[in-house]
Amino acid sequence: MTSFQSNLEKYAELAVKVGVNIQKGQTLVINASLDAAKFVRLVVRKAYETGAKHVQVDWADDEVTRARFELAPMEAFSEFPEWRAKGLEALAEGGAAFMSIVSSSPDLLKGIDSKRIAANSKAAGTALSTYRNYIQADKVSWSVIAVPSEKWAAKVFPDAGDQAVDLLWDAIFKATRTDLEDPVSAWKEHDRSLNSKVEYLNGKKYKKLHYRAEGTDLTIELPEKHLWIGAGSTNEQAHDFMANMPTEEVFTVPAKEGVNGTVASTKPLSYGGNLIDNFSITFENGRITDVKAEEGEEILKELVATDEGSHYLGEVALVPHDSPISMSNVLFYNTLFDENASNHLAIGNAYAFCIEGGKKMSREELEKNGVNSSITHVDFMIGSEEMDIDGILEDGTSEPIFRKGTWSI
């Protein structure tokens with residue numbers, strides 16, 4: 001077996017056994033592009049071998065998607081198939097696991113009217129809100145991984161020609177620890193390492209975080225009952241899973257109305273098939289009051305205007321600048337990877353499990369605890385080797401958490 005085929009087998013096994021951690025008799029739902037077909041077939045076999053009862057694959061095709069956005073009438077983007085939303089809800093209620101295998105080009109919808117993209121995102125977000133609440137409260141197991149496509153690889157390695165896809169595969173294998181002899185054990189050790197930071201931060205119960213870097217002076221208040229979370233998650237049936245592979249972050253929820261100041265992006269954001277780059281966002285009492293971007297400003301404004309909750313933050317995540325993905329010096333143009341090379345924030349919905357007792361709270365109860373609600377959740381990168389972050393305790397004492405982009409705890 002070639003080294004590549006061996007890594008491919010290990011990657012599929014990792015996705016099934018660590019990512020969604022499929023259980024005997026469970027249904028697995030896979031969302032994937034046709035670009036990933038060969039790898040998806042391998043994952044399907046691994047899932048059945050591990051004990052899955054049903055494996056359902058929902059395919060997408062970038063060329064079909066592009067054609068729709070170019071040619072469909074505008075009213076089409078305000079609709080979402082009700083049967084699809086209800087089907088996903090039923091699968092989640094039945095305890096299925098969900099795997100997304102991403103591979104689309106970051107420029108898939110470049111040049112498309114931003115209003116079409118915004119309408120489509122809003123329609124999907126509204127229709128899928130119940131299903132996404134299952135996901136964002138960790139009621140079911142879910143995981144996001146990636147597979148190269150030719151167009152995505154060419155974006156990441158523009159000078160590599162025919163070698164671009166191979167190079168992106170290598171970068172993905174390294175970022176996900178697939179290139180190691182025993183990736184499953186490596187991930188368990190990685191989970192333990194991140195949880196040491198989680199335990200420290202949860203012990204501190206900081207009242208606020210203060211970020212400082214070029215273009216950034218931002219204060220984020222944290223809810224009284226906030227919880228920091230590491231790599232692994234646990235679903236309602238007490239089964240562990242890994243929501244993002246790779247992951248290098250520890251994260252929590254900000255107080256909805258407790259964010260003030262300005263933050264500058266440090267990496268491009270791939271959103272809605274477009275890139276948003278060199279942007280800044282200003283907050284006042286939690287609400288976004290101004291956005292500026294050198295590229296994709298209209299797309300960013302449409303994102304913020306998705307609903308009321310998209311004017312606020314839903315996640316604050318800490319990632320050291322010396323993380324393995326950052327040290328690879330590869331800009332992936334894909335949030336799954338780039339957010340794990342950089343401190344980041346998320347516009348929109350907050351994770352219920354980031355607050356004490358949150359998994360059992362209604363949306364109304366979560367909002368009373370300062371947890372934001374929205375039909376969208378979009379991460380953007382703000383970290384750099386210059387970033388300092390202080391934790392501010394209830395009595396006003398300030399302690400260093402990050403210095404020059406790296407943990408100081």
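Student: Which helix holds both E297 and K301, and how many residues apart are they?

Tutor: Both sit in helix α10 (residues 297-304), four residues apart, about one turn of the helix. Helices here are DSSP runs of H or I, at least four residues long, and strands are E runs of at least two, numbered from the N terminus. Bear in mind that this is a predicted model, where local features need pLDDT of at least 70, side-chain atom pairs count only at pLDDT 80 or more, and totals for chains, interfaces and linings use all residues. Residues are numbered from 1 along each chain as its sequence is written, and side-chain values use heavy atoms, with hydrogens and water left out.

Student: What makes E297 and K301 a salt bridge?

Tutor: The term needs a side-chain nitrogen of Lys or Arg within 4 Å of a carboxyl oxygen of Asp or Glu. Their closest N and O atoms are 3.2 Å apart, so the pair qualifies.

Student: Why is K404 called exposed, and what is E386 called?

Tutor: Exposed means over 50% relative accessible area, buried under 20%, and partly exposed in between (1.4 Å probe, protein chains only). K404 has 52%, so exposed fits. E386 has 42%, so that one is partly exposed.

Student: How do you know that E386 and K404 pair up?

Tutor: Their side chains meet at 3.6 Å, N to O, so they pass as a salt bridge. The pair links distant parts of the chain, 18 residues apart.

Student: Which residue does E248 bridge to, and are the two buried or exposed?

Tutor: E248 bridges to R177 at 3.1 Å between the closest N and O atoms, and both are buried.
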